[in-house]
Amino acid sequence: MRKSFIAENPSVLWFLAALSLFTLTVVLLSEATGTAMISTSFVKTLGKTLCLCLIAIAMDVVWGYCGILSLGHFAFFGIGGYAIGMWLMYARTETIVLESLQNQVIPPTPQEVSDAIGNQIFGVVGSSEFPLIWAFADSLFLQLLMVVLIPGLLALVFGWLAFRSRVTGVYLSILTQAMTLALSLYLFQNDSGLRGNNGLSGLQNIPGFEETSQATISIVFFLASSVALGAGYVFFAWIVTGKMGSVIKGIRDNEARVRFLGYHVESYKLFVFTVTAVISGIAGALYYPQAGIINPGEIAPIASIYLAVWVAIGGRGRLYGAVIGAAFVSLLSSWFTGGGAPDIDLGVYRIQWTDWWLVLLGVSFVAVTLFFPKGIGGLFDYLVRKPS
């Protein structure tokens, strides 16, 4: 009799149990629903960390399991953020404009309302007209579809062109990095339609919930992020196990042999690349309303490099390793760059962690690569298998 998916993968159940316990603890200690021992800002930090864990899992599947070192997955993350951010900014601005015009003797026409909204949003870049890409910004449903469709279509087209040409290894990494760089440079332009370097701001103000406190909104997004991470973990665990998982890992280890066995390697790679891009977009759509702002700097190639570093530190080829790496580095980064870590006075020089954090991260990456190639997740394997 064949075992169930959970029975064959007990680590999934352990992960879901740990995630549920962590989520319940935060809810009970939050300002909105608990004892207020955890501040609203820290709840947002934890919610954003869960979103980063989700994209780290996606990166681990495409790199750790399939062997495709993509340096462009944070671009998909940012696209998801822009897609939901457009609706958030449009709807919030529309509410403000309608409130300001409601006392006029002559009711404003729809065109006057549209012009006023456009002036509010794009006045910072010297424009008042809505670009074509904002055509569906007034519809939450359509913008949610864009969160999935745009990253998916971009990954599908890019992956099809790259994989059918059998671009592999470092060349594929360079291509994904070039795609990300081109996208970020385009978005920096004022005529990109997304406010250039200013980006989209005020995303933490959810339309229709103006009277709801940020403490409540933050815990709702935290819960949504937790559910998304749990669902994403189960989904990817299903992908990397069984026959499909064996083929994907075979492609990573020896692509030529898998192709010789009759498998259409390009189709498997394209599937993994596209699915992980879609999940990355969903993670971004949950992340940026908690961050409150998104700009082209979020899509810069360095962000995707950081993502690869998180997965490497956590231990690639292990879904829980990606979660550990992303959570560990994200929370440490918030601590060091947020002023939590005390500066060290050496007399002749004062170490300020806001300046030295990236150096510490780089050193940690080198140390893990040299001494713990399986990452933090590998240490758990060692402890479990270590003879008593």
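This is a short walk through one predicted model, from its core to a few individual residues.

Let's start with the core. The largest nonpolar core holds 109 residues. Four residues have the most contacts inside it: Phe74, Trp134, Phe236 and Leu319. Which helix gives the most to this core? Helix α3, residues 40-65, with 16 residues. As general background, nonpolar side chains in soluble globular proteins tend to be buried together.

Take Leu319 from that list. Set aside its neighbours within four places in sequence. Leu319 then contacts Ile57, Asp60, Val61 and Tyr65, along with Tyr233, Phe236, Ala237 and Val240. Phe236 is another of the four residues with the most contacts inside the core. So keep that pair on screen for a moment, because Leu319 and Phe236 are both in that group of four and they are in contact with each other.

Now stay with α3 and look at Ala56. Ala56 sits in that helix. Buried or exposed, at 0% relative accessibility? Ala56 is buried, because 0% falls under the 20% cut-off. What does Ala56 touch, beyond residues up to four places away in sequence? Leu307, Val311, Ala322 and Ala326. One longer distance for Ala56. Phe365 is 309 residues away from Ala56 in sequence, yet 16 Å away in space, C-alpha to C-alpha.

Some of those partners bring us to a helix pair. Two packed helices are described by the angle between their axes and the distance between the axes. Here the pair is α11, residues 301-314, and α12, residues 319-337. The angle is about 115°, and the axes lie 7 Å apart. The crossing of α11 past α12 is right-handed. Who makes the contact? From α11, Trp310, Val311, Ile313 and Gly314. From α12, Gly321, Ala322, Gly325, Ala326 and Val329. By class, that contact has 6 nonpolar residues, 3 polar ones and no charged ones. Now tie this back to α3. Val311, Ala322 and Ala326 take part in the α11 and α12 contact, and Ala56 touches those three residues as well.

Next, cysteines. How many disulfides does the structure hold? The count is 0. Look at Cys51. Cys51 is in no disulfide, and the nearest cysteine sulfur, that of Cys53, is 9.0 Å away. A disulfide needs the two sulfur atoms within 2.5 Å, so this pair does not qualify. Cys53 gives the matching picture: no disulfide, with the sulfur of Cys51 nearest at 9.0 Å. What about burial? Cys51 counts as buried, at 2% relative accessibility. Cys53 counts as buried too, at 2%.

Moving on to helix α7, residues 169-187. Ser184 is placed there. With a relative accessibility of 2%, Ser184 is buried, because that is under the 20% cut-off. Its contacts, leaving aside neighbours within four places, are Pro296, Ile299, Ala300 and Pro301.

After α7 comes a loop that leads to β1, residues 200-201. Two residues there deserve a stop. The first stop is Arg195, in that loop. Arg195 has a positive phi of about 65°, although it is not a glycine. Arg195 counts as buried, at 8% relative accessibility. The next stop is Asn198, in the loop between α7 and β1. Asn198 is partly exposed, with a relative accessible area of 33%. What does Asn198 touch, not counting residues up to four places away in sequence? Val124, Val125, Ile293 and Ile294. For scale, Asn198 and Gly230 are 32 residues apart along the chain, and their C-alpha atoms are separated by 33 Å.

There is another backbone angle to flag. Ala36 is in the loop between α2, residues 10-29, and α3. Its phi is near 65°, a positive value in a residue other than glycine. Ala36 is partly exposed, at 44% relative accessible area. Put Ala36 beside Arg195. Ala36 is partly exposed, whereas Arg195 is buried.

Last residue: Asn254, in helix α9, residues 242-260. Asn254 is partly exposed, because its 34% relative accessible area lies between 20% and 50%. Where does Gly340 sit relative to Asn254? The two are 86 residues apart along the chain, and their C-alpha atoms are separated by 46 Å.

That's the tour. Happy to rotate the model to any of these spots.

How values were computed: Residues numbered from 1 in each chain as written. Predicted model: local features only at pLDDT ≥ 70, side-chain atom pairs only at ≥ 80, totals over all residues. Heavy atoms only, no water. Core = buried A, V, L, I, M, F, W, Y, C linked by side-chain atoms within 4.5 Å. Buried < 20%, exposed > 50% of the residue type's maximum accessible area, 1.4 Å probe, protein only. Helix = DSSP H or I, 4+ residues; strand = E, 2+ residues; numbered from the N terminus. Contact = heavy atoms within 4.5 Å. Axes fitted to C-alpha atoms, helices over the stretch in contact; angles between N-to-C directions. Left-handed = near helix turned anticlockwise from the far one by under 90°. Nonpolar A, V, L, I, M, F, W, Y, C, P; charged D, E, K, R; others polar.
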